[in-house]
Amino acid sequence: MKPKSLPPGLHRDTLAVHAALAPSQHGENSEALYLTSGFVQPDAETAAHRFAHPTEGYTYGRTSNPTVTSFEQRLAAMEGTEAAIAASTGMSAILMLCMGLLKAGDHVICSRSVFGSTMTLFGKEFAKFGVETSFVSQTDAAQWQAALRPNTRLLFAETPTNPLTDVCDIRALADIAHGAGALLVVDNCFCSPALQRPVEHGADLVIHSGTKYLDGQGRVMAGAICGPSKLIVDVFGPIVRVAGMSLSPFNAWVVLKGLETLNIRMQAQCANALAVAQWLQSHPAVRRVYYPGLASHPQHALAMRQQSGMGGAVVSFDVRGDDADSARANAFSVINSAQVISIATNLGDTKSIITHPATTSHGRLTETQRQDAGIGQGLIRLAVGLEHIDDITADLSRGLNAI
Ligand SMILES: *Cc1c(COP(=O)(O)O)cnc(C)c1O
C-alpha cells in the first residue's frame, strides 16, 4: 500500500507522528521495520539502474533501507530541512560531515565547549589529515570573527553546551560564517527540534546524536545530519555508501518511534528541569545553578528566543565546599544519596541521570584545562527526566541537606 499523502502546512506535532510513513505491505498503521541487509531486484536492468542511481531504489543495507529513510525524512520534516542522512552514532555523523566537507589544508573554527569527543576528533584526529582547528569562546562572537582565515570551511557550534549550558547566538555565527564563504554547523543534541531549529536561525547543517532525546528512552545509538539536499544527497550519501557509518534499521525504527513523542517529552522534561533549577537555586548547600531557563543565566534572553521559550532538560549546579576536595566529597555524597536518579554519564533519557563531570566526562582534562572550562570538583550535572518533580527534589534533598 502507498503511504497516506499528507496535506501541506501540518504542525510539527502532527509531522512527528505522521511524516514519512514507509509504504506498507498490509496497511499496518505503525512504521514497518525492514530488517534486511539486501533487497531482491526484479531484473538485471533494474539492479544496474539502482546501482547507478542509489536514490531510486533499495539494493544493499549499507547504502539505504526504507526504515532508515523514514527516520531521515521525519527528522528533516521536524528540523525544517530539505533532507537528512542517518548515521550509526552522533560521532559518526560528525565524522561523515568532516569527510564530506573537508580536505587537507582546510581550517575549522569550533567552540571550545563542544562535546569532548567532538573536540578530540577536530583537535587530534583530523589534525593528522592536515585539517587545522581553532577553538574559540562559546559566547564571544568576536573571537569567531577574529579566527577566520581564507581557508576556513566550517564553523562548528553546540548550544547549549555540556555541562555548563552556555548558549551561543546561532544567527550571529551564521552571519560570520557566510561573510567568509564558510558553513555553520550546529550540534542540536541538547535542544532537539522540539525546542530549537538551527536552520531557522541561519545554520547550514544540523548534527544530531539520536542516542539522546530523539530516542529519548536510552535504548539505542543513532546519529544524523540534516540540511539541504545538495549536500545530503550529493556529498554525504556517497560517503555513507563507501565508509559505512550507516544506521541499523532496528535502531532507525526505535528512534523513528521516539520522534513521535519528542515534542511532548521535551515539554514535560523542560518543565521538570525549570522546577528543579528554581528549587536548587534556593537551596543553601548550592553555590550556583547553570540553567538557561533561569533569569540569572547570562544568555537567558537569547536562549528563550532561540529555544522556543524553554531552557532544555539539563541543569548543572555547584555544591558548596571549603576547597576542591571538600566540594568533591559533597558532590559525591549528593550523587551517592540518589535512590531514584540514576548515576550514569548519558543524557536525554526519561529517567533522570546524575553525573560528576570533573571525574567522568571531563576526567581526562588536566586540572588547568578543567578550571579554564569552569568545571569544578563541586559541579553536578543533572539530566532531568519524566519522574514526578517532588520525587526528584526529594532524591536530591537527602544529599544536599547533609552538607
Ligand atoms: C552524545 C553527544 C554526541 C555524540 O553522540 P553519540 O551518539 O554518543 O555518538 C555529540 N554531541 C553531543 C552534544 C552529545 O551530547
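In this predicted model, Lys103 pairs up with Asp106 in a salt bridge, and their closest N and O atoms sit 3.2 Å apart. Asp106 also forms a salt bridge with Arg153, with 3.3 Å between the closest N and O atoms. That second pair ties together distant parts of the chain, 47 residues apart: Asp106 comes from the loop between helix 4 (90-101) and strand 2 (107-111), while Arg153 comes from strand 4. What about exposure? Asp106 has a relative accessible area of 3%, so it counts as buried. Arg153, at 32% relative accessibility, is partly exposed.

Another salt bridge joins Asp395 to Arg398, and here the closest N and O atoms are 2.3 Å apart. Both residues belong to helix 15 (residues 389-401), where they are 3 residues apart, or about one turn of the helix. Is Asp395 buried or exposed? With a relative accessibility of 1%, Asp395 counts as buried. Arg398 has a relative accessible area of 39%, so it lands in the partly exposed class. Salt bridges also build up into a network, made of Glu31, Arg74, Lys257 and Glu260. Across the whole structure, the search turns up 14 salt bridges.

Next comes the backbone, starting with the loop between strand 4 (152-158) and helix 7 (170-179), which is where Pro160 is found. The peptide bond running from Thr159 to Pro160 is cis, with omega near -5°. Pro163 has its place in the loop between strand 4 and helix 7 too, and the peptide bond from Asn162 to Pro163 is cis as well, with omega near 0°. Thr165 is another residue of the loop between strand 4 and helix 7. Thr165 is not a glycine, yet its phi is positive, at about 55°. Thr165 has a relative accessibility of 1%, so it counts as buried.

Where is Ser308 found? Ser308 lies in the loop between helix 12 (300-306) and strand 9 (314-319). Although Ser308 is not a glycine, it has a positive phi of about 55°. Its relative accessibility is 38%, so Ser308 counts as partly exposed.

Now for the empty space. Rolling a probe the size of a water molecule over the atoms reveals where space is left unfilled. The largest pocket has a volume of about 1,000 Å³. It is lined by 32 residues, and the closest to its centre are Val114, Gly116, Met119, His362 and Leu365. Which helix gives the most to the lining of the largest pocket? That is helix 5, with 5 residues. Helix 5 (116-125) and helix 14 (367-373) each supply at least two residues of this lining. Sorted by class, the lining of the largest pocket is a mix of 15 polar, 10 nonpolar and 7 charged residues.

Last up is a bit of the surface. Which residues form a nonpolar patch there? They are Leu33, Leu35 and Phe250, and together they have about 280 Å² of accessible area. Phe250 belongs to helix 10 (residues 249-260). Phe250 has a relative accessible area of 38%, which means that it is partly exposed. Patch members need over 30% relative accessible area, so Phe250, at 38%, clears that cut-off.

How values were computed:
Residues are numbered from 1 along each chain as its sequence is written. This is a predicted model: local features need pLDDT of at least 70, side-chain atom pairs count only at pLDDT 80 or more; totals for chains, interfaces and linings use all residues. Side-chain values use heavy atoms; hydrogens and water are left out. Patches are made of residues with over 30% relative accessible area and no salt bridge: like charges are joined within 9 Å, nonpolar side chains (Val, Leu, Ile, Met, Phe, Trp, Tyr) within 5 Å. Accessible areas come from the Shrake-Rupley method with a 1.4 Å probe; for residues, only the protein chains shown count as cover. A salt bridge is a side-chain nitrogen of Lys or Arg within 4 Å of a carboxyl oxygen of Asp or Glu. Helices (H or I, at least four residues) and strands (E, at least two) are DSSP runs, numbered from the N terminus. Buried means under 20% relative accessible area, exposed over 50%, partly exposed in between (1.4 Å probe, protein chains only). On a 1 Å grid over the protein atoms alone, a cavity is a set of points where a 1.4 Å probe fits but cannot get out, and a pocket is an open set with protein on both sides within 12 Å along at least five of seven lines; lining residues have an atom within 4 Å of a point. Grid points are joined across faces, edges and corners, and a volume is the space filled by probe spheres set on the points. Ala, Val, Leu, Ile, Met, Phe, Trp, Tyr, Cys and Pro count as nonpolar, Asp, Glu, Lys and Arg as charged, and the others, Gly among them, as polar.
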